Amino acid sequence: MTFEEIYRQEWGQVVATLIRLTGDWDLAEECAQEAFAAALQRWPEDGVPDRPGAWLTTTARNRAIDWLRREAVGAQKLREVAAVSVEQDPPYDVPDDRLRLMFTCCHPALAMEARVALTLRTLAGLSTAEIARAFLVPETTMSKRLTRAKQKIQHAGIPYRVPPAHLLPERTPAVLAVLYLLFNEGYSDVVRSQLSSEAIRLARLLVQLMPAEPEAAGLLALMLLHDARRDTRLASDGALVTLDEQDRTRWDHTQISEAVDVLDGALQLGASGPYQVQAAIAACHATAPTAADTDWPQIAALYAQLPQTPVVALNRAVAIGMADGPAVGLRLVEDLAAGPLTGYHLLPATRADFLRRLERRPEAATAYEEALSLATTDAERRYLEKRLREVSVRS
Amino acid sequence: MKYLLMICGDESAAEHANDGCGGWSEDMEARGVVTGGAGLHPPDEATTVRVREGELLLTDGPFAETKEQIGGFVLIDCADLDEAVEIAAKHPAAGYGTIEIRPVLEPPPGVV
């Protein structure tokens with residue numbers, strides 16, 4: 001394992017344990033950083049210890065003791081921290097700390113952006129500069145945001161714990177939402193793909209820590225399925241490649257079977273939720289040998305199980321149109337036209353697509369033009385321009 | 001931790017003026033978390049004071065021109081924000097108005 005891999009794997013645990021021991025977020029991060037710096041010096045000579053996480057936690061804890069001793073703050077706190085022997089009674093093996101940290105970072109009393117930033121900093125170990133780059137804000141802005149979030153946790157008395165059982169149902173969705181947001185930030189942009197990997201890594205951790213939570217597994221499966229298709233979503237010229245035209249041999253099939261296993265496990269827990277349903281939809285796409293083999297009736301039935309937001313209704317219309325023919329799909333999409341989706345480029349784009357399939361080319365061209373004027377990314381614009389050219393050519 | 005619960009409502013809160021707190025006060029009294037509080041006269045009976053460059057400026061009405069105004073406040077002392085949220089959520093005003101939870105600044109050492 002490379003040092004980078006050990007860092008990614010152990011950072012969250014070391015920080016989480018140190019926060020529990022000292023109750024001080026900044027001190028915990030500083031001591032963790034010093035422990036990793038010490039490892040970088042010592043390990044090349046002494047070799048990597050058997051349990052690098054325990055070594056790092058012990059080293060970080062000793063730094064904290066030194067600091068507390070120097071500052072002579074609270075003899076009681078010092079005794080508490082010193083009393084814990086990491087080697088003999090390893091809190092390192094107790095997964096609680098990271099789970100506690102995850103729930104604290106994702107507390108609903110924090111603003112969403114603060115939850116995301118704090119999760120990346122304290123659990124994933126990304127530097128402030130990396131997080132700032134990922135969210136396209138100046139480093140000083142991100143640094144202030146993180147400081148404010150940590151201050152709020154302390155001043156507002158946000159507890160450092162996994163919430164008691166009666167609060168879990170209302171708190172777990174917040175944790176899942178942060179991870180999914182993180183994933184999507186990285187999925188929509190090649191430059192930020194690191195965020196997607198971190199989201200998957202943290203979701204894996206969450207599933208390991210909360211094996212009885214089906215939606216955590218559902219989310220992990222969903223992210224793995226999307227991620228398996230990552231490399232085929234853009235053409236060499238940067239245009240979006242739709243599912244039916246993606247090169248299926250280039251999908252990560254190992255990852256797809258892993259996701260299907262995770263999803264099966266989640267479904268067996270017997271409490272279906274939106275992440276599992278979305279994962280099931282993604283699995284229908286990912287496991288179809290060709291686009292023509294896609295089980296559209298099944299996908300339409302799954303969309304019906306989701307909360308009927310306007311975007312879900314549109315996706316469902318697409319699935320029904322694919323199952324029952326473009327004329328049916330077109331009627332459903334036209335029913336949605338006057339609703340809250342006005343101005344959403346995928347609405348005219350979907351209409352255009354059904355019109356194209358119905359060979360109503362001039363109308364399709366008009367709809368593609370409308371979609372083009374509403375599209376928000378270059379990749380989408382390139383795709384729509386290509387389609388527009390196709391339907392505009394006289395045959 | 002000490003928190004101030006600011007009980008806010010809009011004009012419709014007047015309908016609830018004589019409802020009382022439906023046992024909330026008694027429950028919290030029994031739990032020993034309430035350390036003070038009071039209901040307030042309506043915002044049109046408020047007077048706002050500012051001193052700017054030595055000059056006293058008095059205005060009629062509340063300082064903020066918003067629909068939601070503070071109708072009362074409670075000072076509580078409890079374990080953490082989650083308990084404060086739980087206490088605030090049980091207050092009947094949470095059902096029609098809003099309750100802002102603000103942690104109270106602990107006085108610096110030497111003040112008390």
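**Note on the A–B interface and helix H15(A)**

1. Across the interface of chain B and chain A, five residue pairs are in polar contact, both partners being at pLDDT 80 or more. On the side of chain B that touches chain A, four residues are nonpolar, two are charged and none is polar. The model is a predicted one.

2. Salt bridges come next. The rule finds three of them across the interface of chain B and chain A. One of them joins B:Asp82 to A:Arg171. The closest N and O atoms of B:Asp82 and A:Arg171 are 3.1 Å apart.

3. Now the extent of the interface. Six residues of chain B are in contact with 11 residues of chain A. The area buried between the two chains is about 610 Å². Carbon and sulfur atoms give 55% of that area. B:Asp80, B:Leu81 and B:Asp82 supply 72% of what chain B buries against chain A, more than any other three residues.

4. A separate point concerns helix H15 of chain A, residues 310–324. At 1.5 Å a residue, its 15 residues should span 21 Å. The end C-alpha atoms of H15(A) are 21 Å apart, so the expected span and the model agree.

5. Which residues of H15(A) are buried? They are A:Val312, A:Leu314, A:Ala317, A:Ala319, A:Ile320 and A:Gly321. The buried residues of H15(A) pack against three helices of chain A: H14 (296–304), H16 (326–336) and H17 (346–357).

6. Last, the end of the helix. A:Gly325 lies just after H15(A) and takes a positive phi of about 105 degrees.

Notes:
Residues are numbered from 1 along each chain as its sequence is written. Chains are lettered from A and ligands numbered from 1 in the order in which they are written. This is a predicted model: local features need pLDDT of at least 70, side-chain atom pairs count only at pLDDT 80 or more; totals for chains, interfaces and linings use all residues. Side-chain values use heavy atoms; hydrogens and water are left out. Contact means heavy atoms within 4.5 Å. Buried area is the accessible area (1.4 Å probe) that two parts lose on being put together, summed over both. A salt bridge is a side-chain nitrogen of Lys or Arg within 4 Å of a carboxyl oxygen of Asp or Glu. A polar contact is a pair of N or O atoms within 3.5 Å; within protein, one must be able to donate a hydrogen and the other to accept it, and residues adjacent in sequence count only if both atoms are side-chain atoms. Ala, Val, Leu, Ile, Met, Phe, Trp, Tyr, Cys and Pro count as nonpolar, Asp, Glu, Lys and Arg as charged, and the others, Gly among them, as polar. Helices (H or I, at least four residues) and strands (E, at least two) are DSSP runs, numbered from the N terminus. The expected span of a helix is 1.5 Å times one less than its number of residues. Buried means under 20% relative accessible area, exposed over 50%, partly exposed in between (1.4 Å probe, protein chains only).
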